[in-house]
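Here are my notes for you, as numbered points. Keep the structure open while you read, and look up each residue as it comes along.

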Amino acid sequence: MTLSIIGVLLSGLLMFFFLSPSSESYTDLAVLNCHCPPGFKLNEENKCISKNLYQQYDSPNNQGVGGLQTGLPEIRDGFTPQEIDLGRYLFFDPVMSIDGSMSCATCHEPNKGFSDGLPTSIGKDNLKLDRAAPTLWNVGYLKRLFWDGRAATLEEQMEMTLFSEVEMANNPENLLNTLNNIDNYRKLFAEAYPDRDKKEDIKLQEIFKALAAFQSSLISLNSKYDQYAHGYHAALNEKEIEGMNVFRSFVARCAECHTPPLFTNQQFAVIGTPEPDGLPLDPGAEIPFADKSMRGAFKVPTLRNIDLTAPYMHSGKFETLREAVEFYTKGRGHAVPKDEKLYIHWHIWEPQLSDYELDRLVDFLKTLNDESFMPKMPETLPSGLKLTNQQTLIP
């Protein structure tokens with residue numbers, strides 16, 4: 001009798017172990033998030049629509065004019081929560097590169113202001129690239145991408161990066177073949193794009209759109225400055241307010257190009273910033289726009305989270321914010337090579353700011369930090385690969 005009871009118990013235990021649900025693995029990912037990221041509200045059509053306090057303010061001619069309560073430009077929104085979450089997986093997954101060594105987060109690390117902390121980024125096979133990685137915070141508001149503005153949409157930007165021989169070095173055929181042979185990704189793409197047959201292959205435009213959806217969700221609009229702009233004047237201390245007044249003054253003219261609240265006017269400017277020692281002048285926007293007057297011109301970058309994205313300028317020439325702001329007070333065109341004739345932007349002149357004013361400017365720029373809507377990094381990736389950024393290095 002005793003042996004029979006033991007046998008029944010053993011049989012039950014074996015059935016429990018063999019028939020109970022398995023723990024989450026790379027072949028059984030959870031479903032995609034059905035909630036919008038912070039800063040967005042889900043509408044009846046399952047689309048995430050941007051919501052923030054700046055929408056209560058007007059923006060004359062759809063352009064900010066530097067005032068505290070000025071509206072933002074139009075953002076790229078209307079993605080589904082599932083598209084955004086799928087893009088999050090793709091963004092952090094090194095499977096997107098030709099050899100599984102790089103992800104988008106390799107050059108746009110969350111813990112470094114979605115930049116990489118390098119003077120210029122590192123590409124495939126540790127190749128030193130020509131320019132610094134710009135931040136991705138608030139990139140959904142931008143009309144042109146890359147320092148030279150050669151891309152007009154996030155989809156174009158992503159395509160150029162994925163298939164650049166010196167960056168992620170992939171190609172369309174290999175990328176599609178790779179993702180379509182990963183069951184997890186086939187499942188997730190079918191979930192993010194339910195209007196198509198679940199058995200259909202993953203398409204390039206779906207990849208680009210999901211990545212665009214995630215990047216557009218990276219919102220940073222709740223800094224100390226924003227709280228001050230919305231009426232809570234105790235958010236800034238006396239020195240920070242002094243710095244803001246210098247920033248907005250007709251002497252420094254910072255706000256004329258770095259226009260609040262996005263802190264960029266989205267235009268191109270030739271400021272004559274020096275290249276690292278021994279390197280020739282970077283022609284910048286002259287090349288994609290085929291315009292000699294834009295030689296040495298670069299897209300005016302946002303200053304949001306600028307304190308987190310050192311070093312500065314397109315070439316990472318300046319290591320600190322103090323060095324960067326000091327450049328502007330040293331005189332118009334002072335760093336232009338002697339054999340170059342550049343059309344320096346008319347806002348660049350000789351403001352002759354004092355050391356005290358420069359220090360206050362730095363104080364103010366640090367009030368633009370805000371990572372309260374930082375997205376969560378995936379704990380596991382659909383490909384089964386490891387995260388590649390410096391938070392979680394490949395062993």
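1. Let's start with a word we'll need: two residues are in contact when they have heavy atoms within 4.5 Å. Now take the contacts in the protein between residues at least 6 apart in sequence: 67% of them join residues at least 24 apart. Bear in mind that this is a predicted model.

2. Next, the general picture. The protein has 13 helices and 4 strands. Of its 395 residues, 51% are buried. The accessible surface adds up to about 19900 Å², and carbon and sulfur atoms account for 55% of that.

3. Now find Arg360, which is part of helix α13, the stretch from 355 to 365. Is Arg360 buried or exposed? Its relative accessibility is 9%, so Arg360 counts as buried, the cut-off for buried being under 20%.

4. Stay with Arg360 and look around it. Which residues does Arg360 touch, if you skip the neighbours within four places in sequence? The answer is Lys239, Glu242 and Gly243. There's also a ring to look at: the charged end of Arg360 sits over Tyr356, 4.6 Å from the centre of that ring. You can find another arginine over a ring elsewhere: Arg88 lies over the face of Tyr89, 5.0 Å from the ring centre.

5. On to the aromatic rings. Searching the whole structure turns up 18 aromatic pairs. One of them is Phe263 with Phe364, a tilted pair with 6.3 Å from centre to centre and 50 degrees between the planes. This pair links distant parts of the chain, as its two members are 101 residues apart. Phe263 is in the loop between α10 (254-257) and β3 (268-270), while Phe364 belongs to helix α13. Both Phe263 and Phe364 are buried.

6. While you're on aromatics, try picking out a group. Phe91, Phe92, Phe114, Trp137 and Phe214 form one aromatic cluster.

7. Last stop: Asp183, in helix α6, which covers residues 183-192. Why does Asp183 count as exposed? Its relative accessible area is 63%, and exposed means over 50%. Asp183 also has an interesting partner to check in the viewer: Pro382 is 199 residues away in sequence, yet the two C-alpha atoms are 8.4 Å apart in space.

How values were computed:
Residues numbered from 1 in each chain as written. Predicted model: local features only at pLDDT ≥ 70, side-chain atom pairs only at ≥ 80, totals over all residues. Heavy atoms only, no water. Buried < 20%, exposed > 50% of the residue type's maximum accessible area, 1.4 Å probe, protein only. Phe/Tyr/Trp six-rings, centres within 6.5 Å; stacked < 30°, edge-to-face > 60°. Lys NZ or Arg CZ within 6 Å of the ring centre and 35° of its normal. Areas by Shrake-Rupley, 256 points an atom, 1.4 Å probe, with all protein chains shown as cover.
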